[in-house]
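Here are some warm-up exercises for getting to know a protein model. Have a go at each one before you read its solution.

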Amino acid sequence: MTALVWDQSGERLYETGVDHGVLYIPTAGVYDLGVAWNGLTTVTESPSGAEATALYADNIKYLNLISVEEFGGTIEAYTYPNEFAQCDGTEEPVPGVLVAQQTRKTFGLSYRTRLGNDEESTDYGYKLHLVYNAIAAPSEKAFATINDSPEAITFSWEFSTTGVAVPNLKPSALITIVSTDVDSDDLDALLQVLYGTVGTSPRLPLPQELLGMFAAGATVEVMPVAPTYVDATDTLTIPAVTGVSYYIDNVLVAAGPIVITQDTVVTARPNSGYTFPAVADEDWFFNHTP
C-alpha cells in the first residue's frame with residue numbers, strides 16, 4: 001500500500017467545451033439518420049428524481065425509499081439543423097412554409113466535451129455523450145432590434161427523455177464514453193458509426209450494439225453485400241454497408257456506381273470492431289466484355 005499524493009503532474013484534470021454535435025432522427029426505434037448540429041453552444045445535463053423518502057418505525061429512521069431517477073437537459077445554439085424542426089413541433093407542408101404547434105418527434109443527440117490536464121491541456125482526451133429518446137418542450141424565442149451592440153439570437157430548448165433498454169442494467173437515456181479509458185480501435189469504430197464514412201450514413205447505435213463494441217475482444221457481426229454489375233453499361237455498383245469497406249486492387253472504393261474497363265475483383269473487408277460470419281462471401285469477380 002502507498003500513501004495518497006495530491007495534484008501530481010498529469011493528474012490535474014478538468015473538463016471544458018462542447019462540440020461535434022449530431023442530431024439523430026429515429027425510424028421505428030432505429031436512429032439511422034444523423035445530421036451535423038452546427039452552432040451548438042451549451043448542453044446542460046439535468047438529472048432529476050432519486051429523492052429519498054424517509055420511513056420511520058420503532059421510534060427510529062427505518063429506511064430511505066429512493067424515487068426513480070430521470071434525465072433531461074437544455075440545448076442552446078445559434079442555429080439548428082432543418083431536420084430538428086419536426087422535433088420542435090414544426091412541419092413544412094410546402095417548401096419554405098413552416099407550420100408550428102404540430103406533434104413533436106423524439107430525437108437522439110451526441111456531443112463531445114474536452115478533457116484537459118496540466119500537461120496536454122485540452123488535447124488530453126474527450127468524452128462522448130450519447131442521448132436517447134429525447135423530446136423537446138416548447139421554448140421561448142426573443143427577437144430584438146439590431147443596434148450598436150448587435151448579438152446573434154440564441155435558441156434554447158429544454159428536453160426530457162425516456163430510457164432505452166441496456167443489457168443487464170436499468171433502462172437509461174444517457175451513455176458517456178471516455179476516450180482515455182477505452183481501446184482506441186474500439187473508439188474509432190464507434191466514431192465511424194456516429195459520424196459516418198465514405199459510403200455509410202451516420203447513425204446512433206442502441207446500447208446493446210454500443211456495449212458490444214467495447215466488450216473485451218468483442219466485435220459486431222455484419223454480412224457483406226455483393227456489388228451489382230450491369231453488363232450493358234459496364235457499371236459496377238458498390239453497396240453501402242455499415243462496418244464493411246470494399247477494395248479493388250487493394251484500393252478503397254466509395255459506395256456508388258463505377259464504370260469498369262477490364263475484368264475486376266472486388267474484395268470486402270470488415271472495419272475495426274466488425275467481423276464477417278464464417279459463411280460470408282468476401283470477394284467477387286466481374287467479367288468485363290469489350
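The exercises below go from the whole chain to its hollows, and then to single residues; keep in mind that this is a predicted model.

**Exercise 1. Work out how the overall shape of the protein differs from that of a compact globule.**

Step 1: start with the elements. The protein has 2 helices and 23 strands.

Step 2: look at the radius of gyration. For 290 residues, a compact globule would come in near 19 Å, while the protein has 24 Å.

Step 3: check the box. Along the principal axes, the C-alpha atoms take up roughly 90 × 65 × 45 Å.

Step 4: add burial and contacts. Of the 290 residues, 34% are buried. If you take the contacts between residues at least 6 apart in sequence, 60% of them link residues at least 24 apart.

**Exercise 2. Find the buried residues of helix H2 and say how they sit around its axis.**

Step 1: go to residues 207-214, which form H2, and pick out the buried ones: Pro207, Leu210 and Met213.

Step 2: look down the axis. These residues lie on the same side of H2, because they cover an arc of only 120°.

Step 3: recall a bit of helix geometry. With 3.6 residues a turn in an α-helix, residues three or four places apart point the same way.

Step 4: see what lies over them. The cover for the buried residues of H2 includes helix H1 (184-195), along with strands S10 (121-136), S12 (164-166), S14 (174-178), S15 (220-221) and S22 (274-275).

**Exercise 3. Describe the largest cavity, then follow one of its lining residues, Asn271.**

Step 1: count. There is 1 cavity of 30 Å³ or more, and the largest cavity holds about 40 Å³ of space.

Step 2: list the lining. Gln192, Val193, Thr197, Thr200, Thr242, Gly243, Asn271 and Tyr274 line the largest cavity.

Step 3: sort that lining by class. You get 6 polar residues, 2 nonpolar and no charged ones.

Step 4: zoom in on Asn271. Asn271 sits in the loop between strand S21 (264-270) and S22. Its relative accessibility is 13%, so Asn271 counts as buried.

Step 5: check its contacts. Leaving out residues up to four places away in sequence, Asn271 touches Gln192, Gly243, Val244 and Ser245. Gln192 and Gly243 are also among the residues lining the largest cavity.

**Exercise 4. Set out the volume and lining of the largest pocket and of the second largest pocket.**

Step 1: take the largest pocket, with about 410 Å³ of space. It has 13 lining residues, and those closest to its centre are Val68, Glu69, Glu70, Pro171 and Ser172.

Step 2: ask which element gives the largest share of this lining. That is strand S13 (residues 169-172), with 3 residues.

Step 3: sort the lining of the largest pocket by class: 6 nonpolar, 4 polar and 3 charged.

Step 4: move to the second largest pocket, with about 260 Å³ of space. Here 15 residues form the lining, and Ala142, Ala144, Glu151, Ala152 and Ile153 lie nearest the centre.

Step 5: sort the lining of the second largest pocket too: 7 nonpolar, 5 polar and 3 charged.

**Exercise 5. Say what is unusual about the phi of Asp249 and Asn250, and whether these residues are buried or exposed.**

Step 1: recall the usual pattern. Most residues other than glycine have a negative phi.

Step 2: read off the angles. Asp249 has a positive phi of about 55°, and Asn250 has a positive phi of about 65°. Neither Asp249 nor Asn250 is a glycine.

Step 3: place them. Asp249 is in the loop between strand S18 (244-248) and strand S19 (251-253), and Asn250 is in the loop between S18 and S19 as well.

Step 4: judge exposure. Asp249 has a relative accessible area of 63%, so it is exposed. Asn250 is exposed too, with 63%.

**Exercise 6. Place Asp283 in the structure and find its contacts.**

Step 1: locate Asp283 in strand S23 (residues 283-286).

Step 2: rate its exposure. Asp283 has 49% relative accessibility, so it counts as partly exposed.

Step 3: find its partners. Beyond its neighbours within four places in sequence, Asp283 contacts Val265, Val266 and Thr267.

Step 4: compare sequence with space. Asp283 and Ile248 are 35 residues apart along the chain, and their C-alpha atoms are 9.8 Å apart.

Methods
Residues are numbered from 1 along each chain as its sequence is written. This is a predicted model: local features need pLDDT of at least 70, side-chain atom pairs count only at pLDDT 80 or more; totals for chains, interfaces and linings use all residues. Side-chain values use heavy atoms; hydrogens and water are left out. On a 1 Å grid over the protein atoms alone, a cavity is a set of points where a 1.4 Å probe fits but cannot get out, and a pocket is an open set with protein on both sides within 12 Å along at least five of seven lines; lining residues have an atom within 4 Å of a point. Grid points are joined across faces, edges and corners, and a volume is the space filled by probe spheres set on the points. Ala, Val, Leu, Ile, Met, Phe, Trp, Tyr, Cys and Pro count as nonpolar, Asp, Glu, Lys and Arg as charged, and the others, Gly among them, as polar. Buried means under 20% relative accessible area, exposed over 50%, partly exposed in between (1.4 Å probe, protein chains only). Helices (H or I, at least four residues) and strands (E, at least two) are DSSP runs, numbered from the N terminus. The arc is that of the directions from the helix axis to the C-beta atoms. Contact means heavy atoms within 4.5 Å. The radius of gyration is taken over C-alpha atoms; the globule rule is 2.2 Å times the number of residues to the power 0.38.
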